[in-house]
Amino acid sequence: MSAAPSVQPVPSPMAPGLRVGRAALAVSFLLQGTTFALLVTCIPEIQHRYGLSDGLLPVFLAAVPILAGVGSILSEQLVKRTGARAVLRVVQPAVCLSLAGAGLGGSLWQLALALGAFGLLVGALDASMNMLGVGLQHRYGRSIMIGFHAAFSLGGILGAGIAGLGSHYDLGLPVLFGTAGAVIAPLAVLTGTRFAGPAELGDAAREAAEAAARSIPWRPLLPLCLAMACAYIADASVSNYSVKYLTDGLGSREDLAKLSYLGYMVAMLLGRALGDRAVQRFGAVAVVRGGAALAALGFGLAAVAPAAWAGIASFTVLGFGICAIIPQVFAAGGRLFPADSDAAVARLNLFNYVGFLIGSPLVGAIADASSYRWALLAPMLLVLAVLPLAERFSPAPVAAPAAA
């Protein structure tokens, strides 16, 4: 796509403003990873504090991705009027405050209000962060998005570690979430002052939004959409139930159980750091197949784990498998539509929410009817569905059908 003319000179890819904006956005991803990890690793504590039954818990968990999808759609309209930077500056501190609200309440309606706000705001946050990241990537002229998602994984490690310490010292949700909100929200406000804006991005953000809005055919993307949904079903299962499985299924201490998510995020971070080299050496098809098989193995090992340490190791193995699939879905979509890669990525990203919407209720319902060991077999079978789809990740040029 040819760049739209601009009255401002296009900044050099290494201009100081771009470097500062890139670093600020990476910090934003890190803060969001920390906030998200604090919430999902404290699900057992949230359940105990509010008296949620195992049957009602999946309903609350499923509401978050539904509202996140709504927030993502609404944020697109706000971004058109005010810009991704303005939306991100507002919603990220608000997400931190909604996390604090989830820890400070005492009744179900207060939890529902806090999680509802968290879902809506996270959807807007996800959309605005990635839109700003795409704008930066356009100006850099090379892939930098994986680095932002690696920062999210690093934040997840930090958040899981903080949650583990909070559980070990029995701080309680009001102290843990309240302190986290009081610390992270000002950091988010400060970071927001350094985001890249029109002076640094020029027309890059608008170009990315226009590309994402163009019409492309759905059919070539459907196998990749399925792979994305299966990968995020697996991810949602770990995010929402790994800690609970260790505490309720394996009798682990709550502070030790949080290491399951921490190990998962460490594996995701390492896998994302090494994933590009693996693809260059073995090819995308082999990496996706190996990742799906490894993720299924992780679920299987977790389902038969005899003790907490084995469960932690199993979820770590699972992280190495999942991290290989999700980035390659986006890469394959970009290869299908090289002139409209942003539009393809936007469509594929919708199945992030589909995966979370299916994963949490599915595992929760099976666990409520039988046990968590049986429940973990459902995402294991679904992630195996990626194996026959691996050929769609071939780097060979694919002739996309004409748009309707």
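# A walk through the model, ring by ring

Start by selecting Y241, Y245, F315 and Y372: ring pairs join these residues into a cluster. Keep in mind as you go that this is a predicted model.

**Stop 1: inside the cluster**

Zoom in on Y241 and Y372. Their ring centres sit 6.0 Å apart with the planes at 45°, so this pair counts as tilted. Now colour the two helices they come from: Y241 belongs to helix α10 (residues 222-249) and Y372 to helix α16 (residues 372-375), which makes this a link between distant parts of the chain, 131 residues apart. Are these two tyrosines buried or exposed? Both Y241 and Y372 are buried.

Next, click on Y245, another member of the cluster. Y245 is also in helix α10. Its relative accessible area is 1%, and because buried means under 20%, Y245 falls in that class. While you have Y245 selected, add S260 and draw a line between the two C-alpha atoms: they are 9.5 Å apart in space, with their positions 15 residues apart in sequence.

**Stop 2: a stacked pair**

How many aromatic pairs does a search of the whole structure find? The search turns up 6. One to look at is F29 with F148, a stacked pair with 5.5 Å from centre to centre and 10° between the planes. Show helix α1 (residues 16-41), where F29 lies, and helix α6, home of F148; the pair ties together parts that are 119 residues apart in sequence. Switch on a surface and you can check the setting of each ring. F29 is buried, at 2% relative accessible area, and F148 is buried too, at 1%.

**Stop 3: along helix α6 and off its end**

Stay with α6 and select residues 145-168. This helix has 24 residues, which at 1.5 Å a residue should span 34 Å, and the C-alpha atoms at its ends are 35 Å apart, so the two values agree. As you turn the helix, remember the general pattern: an α-helix has 3.6 residues a turn, so residues three or four places apart point the same way.

Now step past the end of α6 to D170. Where is D170 found? Look in the loop between α6 and α7 (173-192). What stands out here is the backbone: D170 has a positive phi of about 55°, although this residue is not a glycine. Unlike the buried phenylalanines of the previous stop, D170 counts as exposed, with 67% relative accessibility.

**Stop 4: the second largest pocket**

Select G271, G275, A278, V287 and A324 to find your way to the second largest pocket, which holds about 320 Å³ of space. Those five are the closest to the pocket's centre among the 19 residues that line it. Which elements give two or more residues to this lining? They are α12 (259-282), α13 (284-303) and α14 (308-336). Colour α12 in a shade of its own, since it gives the most to the lining, with 8 residues. If you then colour the lining by class, you should see 12 nonpolar, 5 polar and 2 charged residues.

**Last stop: the cysteines**

Finish with C96 and C230. C96 is buried, with a relative accessible area of 2%, and C230 is buried as well, at 4%. A disulfide is a covalent bond between the sulfur atoms of two cysteines. How many disulfides does the structure hold? The count is 0.

Note on methods
Residues are numbered from 1 along each chain as its sequence is written. This is a predicted model: local features need pLDDT of at least 70, side-chain atom pairs count only at pLDDT 80 or more; totals for chains, interfaces and linings use all residues. Side-chain values use heavy atoms; hydrogens and water are left out. On a 1 Å grid over the protein atoms alone, a cavity is a set of points where a 1.4 Å probe fits but cannot get out, and a pocket is an open set with protein on both sides within 12 Å along at least five of seven lines; lining residues have an atom within 4 Å of a point. Grid points are joined across faces, edges and corners, and a volume is the space filled by probe spheres set on the points. Helices (H or I, at least four residues) and strands (E, at least two) are DSSP runs, numbered from the N terminus. Ala, Val, Leu, Ile, Met, Phe, Trp, Tyr, Cys and Pro count as nonpolar, Asp, Glu, Lys and Arg as charged, and the others, Gly among them, as polar. The expected span of a helix is 1.5 Å times one less than its number of residues. Rings of Phe, Tyr and Trp (its six-membered ring) pair if their centres lie within 6.5 Å; planes under 30 degrees apart count as stacked, over 60 as edge-to-face and the rest as tilted. Buried means under 20% relative accessible area, exposed over 50%, partly exposed in between (1.4 Å probe, protein chains only). A disulfide is a pair of cysteine sulfur atoms within 2.5 Å.
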